[in-house]
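This report looks at how one protein chain is built and at where its charged side chains pair up. Please have the sequence and the structure open while reading.

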Amino acid sequence: MRRVIFVSLFFALSLFLSSNIYSQNVVKGVVVDNSEGFGLPYAQIKVNGNDKVILTDAKGNYRIELHKDTCNLEVFYGGYQTFSRMVIFRPNQKEMKLDIKMLPQALLLDAANVVSSKYENNPEKATNSLVVLKPKQMESKNLTTVDAMLNTAGGVAVVDNEPQIRGGSGFSSGMGSRVMILLDNIPLLRPDAGRPMWNFIPMEDVEQVEILKGAASVVFGSSALTGAINVLTAYPRVKPKTKVTLFAGMYSDPNESYRTSWIHNNPVKWGASFLHSRIIKKNFDLVVGGEFFDDQGYIGPEEKIAQTWATNGEDRGKYERRGRLNFATRYRFSKVKGLSVSLNANAMYTENAQSFFWYNADTNMYRTYPGSMSKFKDVNFYVDPTIQYIAPKGSIHSFRNRITYSDSKESKGLQSSNSVLVFNEYQYNKQISKIGMDIVAGIMNIYAESFGPVFNGDNYSSAPKRMFSDNFALYAQLEQKFLKKKNLIVALGGRWEYYQLDDINENEPIFRAGVNYQIPKTKTAFRASFGQGYRYPSIGEKFIALTVGRYGFYPNPDLVSETSQNIEVGAMQPFSFFDFKGIVDLALYRQDYDNYIEFCMGAWGTEEQVQERMGFKFLNTGSATISGIDFNLMGEGKISKNVTYTLMASYTYSNPVANKRDEVYHTYMNKDYTFLNTSSDTSRSVLKYRIEHMAKFDLEFTFYKKFSFGVSGTYYSAMKNVDLFFFDYDIHNPNLSARRIKQLKAMGDLPFEGYYNYFNSKDYQNGSFVFDVRASFIIKDVTLSLIVKNILNKSYTLRPMYVEPTRTFTVQAVYNLN
């Protein structure tokens, strides 16, 4: 009997203990956007820093079973701050409901959890300078292309389609970018010319734009010598979204009325775009968008204004009309958690006329030099098939692909070309939370091919030629967090590049290292980085052969790759002052280049073609150094309960110098070319076509969350050094001999006429201040805006012989339905 009682008690005790040991606590809820309340599908949740990832469902719901009474939850979602919370169960409590509200990354203040596709990063913890722009917060500015949005960022300027970060590039007609442009982690540069395709980016669906300053070649590829710009588009949220934008604008007459190019009505521009996104049956994402844009342009035709008045002729010159349709799809497999496939596509048709040079530097500044206007009809499309798998332990496997096709038909046929680019990449990402390690590694290949006369390498032949390039790379980067609070980060990375262009091939290894230390109490973050860069010239830089009027773009088959070393130290400090909260960032940088590639004006034709041998050619100009400072201030404040404001201010100083002023870097037709005999200013060693000082500010007030008013301004210092060639062909240059002036007059009208006086005028030498104003009002789901750009109607140039737009008035209506 005792034995039976003992066994019964033992069995009951065992049952009690087992029920407590193996009982499960449950925490469940929904992960939502804090401001709008919609669920965030497939957010990543980690428990106690474990590498295993739990995903929310299509509506943001989650359910986690636990074997402990306490745990730490971390929630990650692209574009949002990381959420972290300690969960503690009370005695006898078996279930807890925890709804998690995620805070979106504020453009100005939030420096947390910037998901930069290549690897998760964060401006306060980055070893390079990192800036994130949110198009939604710039909606009232009528920024119809990404390059217009980039011009709002400190240290960034887009000159003639070429992005320049901290003065790392000069004028190059948009070819051979030193900044890698990516759309959804995949390069988006024109296959043949290496030129950014700004109007091809679906602006209506852009989620955020990440600007990485400094050498980024290790992860982003060979074009990222001075930085990378990654444009990320948005997938649907739980609630369907519809957005329609309409706008119309008009160009003003120049302040100098005698320069007015049009004799009839002022030119106008208008456009419309739409976007619809939704989740279908919980696991299928669909985004559809499109745009139509028509810009009559402010640059007139290829004749003097007086001629147009005399004949009452056509006064339209440069223009652009485009239509674009795009879609994005993503399917998530329910039976294989973490596996998704996507297919994105974009197609665009464009008709445009491009003006390369003005007629002259005074009366006909807004007119086109005869023969230098080219009319195109372009067809472009890309298709992106992608596979991604997020493993249960958190590793991410991504296989990205893009096929880009471009067909450009020029009215005369001499600049026509078609090209194709095929991009393939496998990338592995892994976060090992327990030891604070992030790993990214991958293998990549880019094959590009072009066909047409424009890149045949011969200015005196219109025969088409087929050219190709192939770029293969292996890369890896490791970030390790140290110390108890994980506030010391050390990054190491390497990349091996193989490049082939036509029958020439080469390979190059490059490396980078960086460190970031944050003081926990004050949140002060110090960073330092070193990075190598490598860039092989594009097909266009080596083989472009183009005649535009009496000018040309001349090939240089002997052009070789350029390399660089970049060093940066910086500090970021969040602060508060009364009701103003902000971040201040200061960086010191230095870039050293070998075989630096520059766009050089000269007489490159044959001796027999003396009347048509002027033009540009890409040359290796030796070694150069670019150093400077980059200062940024961002913040937001509150004047009263119903009045708030945001402020952005930046200043960038760049000191780009040639290291060997008297070194012969090129010889052509028995003439040696050096910095000293080709520069208009030899008092210093500043490189040509450089903006040394750039300052920007933006201030916006918002009243009752309904009405806002903003003003922004930009200062560009004058380019102090250009090719001396511009002065040598200006008949108004007082330093020319009478014989030389007679020779120039015999050549007829030249676009250099008056450039010497324009360049040396006080108005030009003082630099350009450009101001914009805007106002917007929200009525239910519609935001109405009035934007005035260049309100002072400043006539200014950012590159030789091309004037920037006059004042423009624009009205805009944006309809948002969620």
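A salt bridge is taken here as a side-chain nitrogen of Lys or Arg within 4 Å of a carboxyl oxygen of Asp or Glu. The model under discussion is a predicted one, and by this criterion the structure holds 37 salt bridges. One of them joins the side chains of Arg324 and Glu291, with an N to O distance of 3.2 Å. This pair links distant parts of the chain, since Arg324 belongs to strand E21 (residues 319-332) and Glu291 to strand E20 (residues 284-295), 33 residues apart.

Two further bridges can be described in the same way. Asp585 and Arg527 meet through their side chains at 2.9 Å, N to O, and they too connect distant parts of the chain, with Asp585 in strand E34 (residues 580-594) and Arg527 in strand E30 (residues 525-535), 58 residues apart. Arg774 forms a salt bridge with Asp698, the closest N and O atoms being 2.9 Å apart; here strand E43 (residues 768-779) carries Arg774 and strand E41 (residues 693-703) carries Asp698, with the two positions 76 residues apart.

Are the partners in these bridges buried or exposed? A residue counts as buried when its relative accessible area is under 20%, and the table lists the values.

| Residue | Relative accessible area | Class |
|---|---|---|
| Arg324 | 2% | buried |
| Glu291 | 11% | buried |
| Asp585 | 7% | buried |
| Arg527 | 4% | buried |
| Arg774 | 5% | buried |
| Asp698 | 7% | buried |

Arg527 and Asp585 also take part in a network of salt bridges, in which they are linked with Arg166, Lys213, Glu568 and Asp630. For the chain as a whole, there are 93 positive and 80 negative side chains, and the centres of these two sets lie 10 Å apart.

The wider setting of these pairs is a chain with 10 helices and 47 strands. Its C-alpha trace spans about 130 × 55 × 50 Å along the principal axes, while its radius of gyration is 29 Å, which agrees with the value near 28 Å that a compact globule of 818 residues would have. Of the 818 residues, 56% count as buried, and the chain exposes about 34,400 Å², of which carbon and sulfur atoms supply 59%. Among contacts with a separation of 6 or more, 67% are between residues 24 or more positions apart.

Key. Residues numbered from 1 in each chain as written. Predicted model: local features only at pLDDT ≥ 70, side-chain atom pairs only at ≥ 80, totals over all residues. Heavy atoms only, no water. Helix = DSSP H or I, 4+ residues; strand = E, 2+ residues; numbered from the N terminus. Rg over C-alpha atoms; globule rule 2.2 N^0.38 Å. Buried < 20%, exposed > 50% of the residue type's maximum accessible area, 1.4 Å probe, protein only. Contact = heavy atoms within 4.5 Å. Areas by Shrake-Rupley, 256 points an atom, 1.4 Å probe, with all protein chains shown as cover. Lys, Arg positive; Asp, Glu negative; His and termini not counted. Charge placed at Lys NZ, Arg CZ, Asp CG, Glu CD.
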